[in-house]
Amino acid sequence: MNFTRNAAISGGAGRLGARIARASAALAFLVATSVSVVPVAHAVEPLVAHQARIIGDEARTRIVLDFAEEPEFDVHYLDSPARIVIDFPAVNFAFPTSDLKPTGLFSDIRFGTMGQNSARIVLTAKKPVQVSVAETKKADDGQSFRFVLDTEITTKGKFAELVKDQQWRAPAPVTTAAITPDDKTSRPAEFVIAVDAGHGGIDAGATGGTTGTEEKVITLTFAKELVERLNREPGIKAFLTRDSDTFLALSERVTIARQNNANLFISLHADTLKQKGIRGATVYTLSDRASDRQAQELAERENKSDQIAGVAASSEPPEVADILLDFTRRETQAFSVTLAENIVSSFEGQVGLINNPHRYAGFMVLRAHDVPSVLLELGFLSNPEDEKLLLDTEWRKKVADTLATAVGRYRSKALANGG
């Protein structure tokens, strides 16, 4: 397949008890019709990309991937920042990450899964860029196949035309979570908790400075252990937003929690900081104004997860200017703060905390208007001691036990108040 630079390049979706339920009932139809979730797909055998290489300068850059079988692909453009997105069917990227180290035109390169049956490469460019060649052809051995992508600089105007003229809208990533109907009128008997393992798939998150362990691995490992621990508590039903190395958009994580009638949403992370001496757990809640610069910078990084994965920006459905929505949001925020305070008090003397351990900022993943939500930084992969603890089974068990205590205390107060 050959593609010219002028062509459209193509180859191939009781939280708060009775009071809050009544307050948000008027919004149920709006919310139910404004989101879309893709059904679970059957896994297919992935292709294997066994080699990769990149060469070039800041005017022209070539990327080559070697496959045992011929891959289908789609190539598209995204702006703000300028990006080239290459979508494949399921692919096992079997080469070292360093083989596609950002070079030439590109300041950042990410690749990984987007669902059970799809994979993606996202190339973030230093300047406006266009594809001059995108093709697959048989390799010199006559057996394997080679994917070749040639790129070159272009003007801002030309790049804007490429983005505007392409016939493409980024699909919602496939979710592996079990979704139940969005029924706001019937409440489950159990106290439902959505445990969200941060990052996943193409979005690896932070990387440990000592072992190189990726944040997405740490969060999923602990999330599974936490769900197992919470489900041993009478009256509690916990579930995972993702149960494998799969990418989920930030809005999709929130939607999954709401559609499963979650009473709580806990998003797990293990970030890095420039100050390697800082260590300990932190609990974040949502606020339009950040508590401090560190919280603001962390929220900005976490909110870029969709951008890293090459998800096209889309306008959120307009919110109804309604006193019920404002009431629900305010009560949800108050409940979120209560949950955060319970976690901090349970951790004190048991699990290491940073100074001022309850902080707040504008985290997109915490924006469910009717689900109390916190983002828990288990520790910092930039700190060697924290990294060691994050990889320690016994330490994670202790943290899971402590979190279960905090959630149990929160649940008891909620039930006592009629929630």
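Biologist: How much space lies in the second largest pocket?

Modeller: This is a predicted model, and in it the second largest pocket holds about 530 Å³ of space.

Biologist: Which residues lie nearest the centre of that pocket?

Modeller: Thr-97, Phe-111, Ile-202, Ala-204 and Glu-214 do, out of a lining of 23 residues.

Biologist: Which strands each supply at least two residues of this lining?

Modeller: Strand S5, residues 91-93, and strand S6, residues 106-115, each do so. S6 gives the most, with six residues.

Biologist: And how do the residues of the lining divide into nonpolar, polar and charged?

Modeller: Nine are nonpolar, eight are polar and six are charged.

Biologist: Let us stay with S6. In what order do the strands of its sheet run?

Modeller: The order is S3-S4-S7-S6, an open sheet of four strands with antiparallel pairing. S3, residues 74-78, and S6 stand at the edges; each has a single partner strand, so one side of each is left without a neighbour in the sheet.

Biologist: By how much are neighbouring strands turned against each other?

Modeller: On average by 20°, with direction ignored.

Biologist: How many bridges join S3 to S4?

Modeller: Five bridges join S3 to S4, residues 83-89, and the two strands run antiparallel. Within this pairing, His-76 stands opposite Val-85 in S4.

Biologist: Which helix packs on the sheet?

Modeller: Helix H3, residues 156-165, packs there and touches S3 and S4. The direction of H3 makes about 120° with that of S3.

Biologist: A residue next. Where does Phe-73 lie?

Modeller: Phe-73 lies in the loop between strand S2, residues 60-67, and S3.

Biologist: Is Phe-73 buried or exposed?

Modeller: Phe-73 has a relative accessible area of 1%; the cut-off for buried is under 20%, so Phe-73 counts as buried.

Biologist: What separates the C-alpha atoms of Phe-73 and Thr-136?

Modeller: A distance of 9.1 Å, although the two residues are 63 residues apart along the chain.

Biologist: Turning to cavities, how much space lies in the largest cavity?

Modeller: About 100 Å³ of space lies there. The lining has 16 residues, and Leu-250, Arg-253, His-269, Glu-302 and Ser-305 lie nearest the centre.

Biologist: Which helix and strand each supply at least two residues of that lining?

Modeller: Helix H5, residues 250-259, and strand S12, residues 264-269, each do. The lining of the largest cavity divides into six nonpolar, six polar and four charged residues.

How values were computed: Residues are numbered from 1 along each chain as its sequence is written. This is a predicted model: local features need pLDDT of at least 70, side-chain atom pairs count only at pLDDT 80 or more; totals for chains, interfaces and linings use all residues. Side-chain values use heavy atoms; hydrogens and water are left out. On a 1 Å grid over the protein atoms alone, a cavity is a set of points where a 1.4 Å probe fits but cannot get out, and a pocket is an open set with protein on both sides within 12 Å along at least five of seven lines; lining residues have an atom within 4 Å of a point. Grid points are joined across faces, edges and corners, and a volume is the space filled by probe spheres set on the points. Ala, Val, Leu, Ile, Met, Phe, Trp, Tyr, Cys and Pro count as nonpolar, Asp, Glu, Lys and Arg as charged, and the others, Gly among them, as polar. Two strands pair if DSSP finds at least two bridges between them. Axes are lines fitted to C-alpha atoms, for helices over the stretch in contact, and angles run from 0 to 180 degrees between N-to-C directions. Contact means heavy atoms within 4.5 Å. Buried means under 20% relative accessible area, exposed over 50%, partly exposed in between (1.4 Å probe, protein chains only).
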